[in-house]
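Got your viewer open? Let's take a short walk through this one, stop by stop.

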Amino acid sequence: MKKSLIFLLLLYKSAFFGQTVLTSHALDLKKSAKNIQILNAENLLTHEVFVFAAYDQNITILKYNSALFLTDQYTGPLVNLENKELIASSFSEDGNPSLYWTSRDFKEIIVIKYYLETKTYKALKFGFPSESQYVVATFQDNNLFYILSKPISEQTLAVYTFKNGMVEEKIFDFSLFKFQNKNTSFLPFTELIKQNPIEKMEVKDYNPLYKSTAKSKVYLQENKMVLTLDQNPKQTQVFEINLDSHTLNEKIFLQPNTKKPLRSSNSFLAENKLFQVTANKEELLFDLKDYGSGLSIKSIHVAKNDTIRFKNSPLLIQREYGKPGEIKKTAKFLHYLSNLDIGLSVFKNKKNTLITLGGTPKSENLNYYTQNFGQYDDEFGQIFSPITFYPNVHTETVFFESVLNKNFEFSSSEPSPLAVDKISYFLNQHQEAAFANVIPFKDYFILGYYDQTTKEYVLLKFKDGFN
């Protein structure tokens with residue numbers, strides 16, 4: 001997420017990037033400490049906030065109530081977790097947390113439930129069939145933990161749900177459906193996913209453009225996962241994976257037609273609306289559809305000699321981490337866009353729907369690798385996150401921003417900074433902040449980090465908008 005947020009930061013020179021300290025707690029992580037991993041989570045039923053800090057052979061759990069006052073804590077040993085990574089948490093009906101540890105190949109998953117009232121724990125082991133399938137994404141939502149995996153040789157997806165010390169597996173068969181690649185040639189589901197790896201989208205958070213340009217995306221929505229496929233430029237193919245009824249439902253949303261046949265397209269699903277974009281060197285088309293009915297709410301066509309009137313920012317080009325430059329003409333913007341992976345990212349706050357539309361380097365040109373979990377270092381410090389990590393590439397990204405009001409009309413007002421923008425700015429300015437975690441909470445976001453100077457774990461509050 002950090003990689004693309006710098007784009008937005010540079011647009012808000014007049015913003016005040018303030019924050020509010022919610023709480024801090026002494027936590028002396030010595031420089032000699034090994035395998036430091038920290039995770040924050042909210043119990044969605046009680047709105048209690050937890051901090052899980054693992055270091056050396058110990059773990060500290062801090063429990064805060066909904067007003068962010070410390071109400072309980074636990075420190076105990078970590079047993080038989082060598083070479084394991086902390087990837088997620090969940091909460092049982094009794095309110096106690098469980099942590100999930102796994103090896104890098106996901107072959108073995110250790111589930112440890114902590115009973116804070118008695119200061120005890122119970123460990124369970126789950127053998128993941130890593131020889132026959134690989135992990136696509138992990139989800140932590142609804143106080144549960146989910147693993148979405150792809151069987152290697154079968155036209156299926158598998159969903160594992162962890163709840164109250166039990167795991168349930170459900171297999172969804174895609175063999176009866178037809179799939180087409182970017183040349184509209186038919187191919188099996190397994191080959192399609194191999195060519196277009198599935199990228200997990202965060203439903204409640206901002207998704208950076210370099211993630212949302214993926215042609216295969218998955219969203220977790222209450223009792224279902226929604227898989228969107230945009231490798232065929234003529235349509236968005238959507239599958240609803242219902243986890244309660246164990247059913248699979250297909251929906252097709254046609255992309256708007258272009259005058260020139262050579263084009264690229266993509267979509268983004270947010271707030272029960274499907275946002276679609278398609279473009280070539282001659283034109284750009286934007287379509288907003290109601291997801292339930294499939295009816296079009298708004299359609300816009302822009303030719304290369306036109307002005308893009310629904311943008312709220314200049315047409316921007318970004319190289320590496322330098323300051324974005326401005327592209328003056330629509331034709332030049334479309335020229336750049338035609339050589340990139342096109343996409344859009346949509347984020348809704350209380351007032352408006354914020355859209356980032358553009359293109360990032362083509363995935364086939366990136367020498368990237370997937371890091372499913374663990375720590376990595378970027379320009380903002382040490383971050384713990386189960387994401388796909390893209391290394392630096394020497395090419396450009398182009399984009400612009402738009403704002404929709406609650407009536408789905410484009411607004412001419414300048415977009416206000418997001419909380420995630422402020423968080424990225426803060427981390428960039430505070431090198432002492434390490435092991436950062438961000439979670440949505442109530443109507444704001446909580447940034448948790450370890451202050452290497454004061455040796456405290458700090459929780460900060462960040463809100464959308466100008467302070």
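How many bridges pair β23 with strand β24, and in which sense do the two run? Select residues 325-327 for β24 and you'll find 3 bridges to β23, in the antiparallel sense. Keep in mind that this is a predicted model.

Now add β23 itself, residues 315-319. Color it by burial: 4 of its 5 residues are buried, so the strand is largely enclosed by the rest of the structure. Show Leu315 and look across to β24, where its bridge partner is Ile327.

Next, select residues 396-404, which is strand β31. This strand runs antiparallel to β23, and 4 bridges join them. Click on Ile317 and you'll see Val398 of β31 standing opposite.

Time to move to another sheet. Here 4 strands line up as β10-β11-β12-β13, forming an open sheet with antiparallel pairing. Highlight 133-141 (β10) and 166-173 (β13): these are the edge strands, each pairing on one side only. Rotate the view a bit, and note that neighbouring strands in this sheet are turned by 20 degrees against each other on average, ignoring direction.

Stay here and pick the inner pair: β11 at residues 144-151 and β12 at residues 156-163, antiparallel over 5 bridges. Tyr146 is a good one to label, with Thr161 as its bridge partner in β12.

Finally, zoom out. The protein has 34 strands and 5 helices. Of its 467 residues, 57% are buried. The exposed surface comes to about 20,800 Å², with carbon and sulfur atoms supplying 49% of it.

Conventions:
Residues numbered from 1 in each chain as written. Predicted model: local features only at pLDDT ≥ 70, side-chain atom pairs only at ≥ 80, totals over all residues. Heavy atoms only, no water. Pairing = 2+ DSSP bridges. Axes fitted to C-alpha atoms, helices over the stretch in contact; angles between N-to-C directions. Buried < 20%, exposed > 50% of the residue type's maximum accessible area, 1.4 Å probe, protein only. Areas by Shrake-Rupley, 256 points an atom, 1.4 Å probe, with all protein chains shown as cover.
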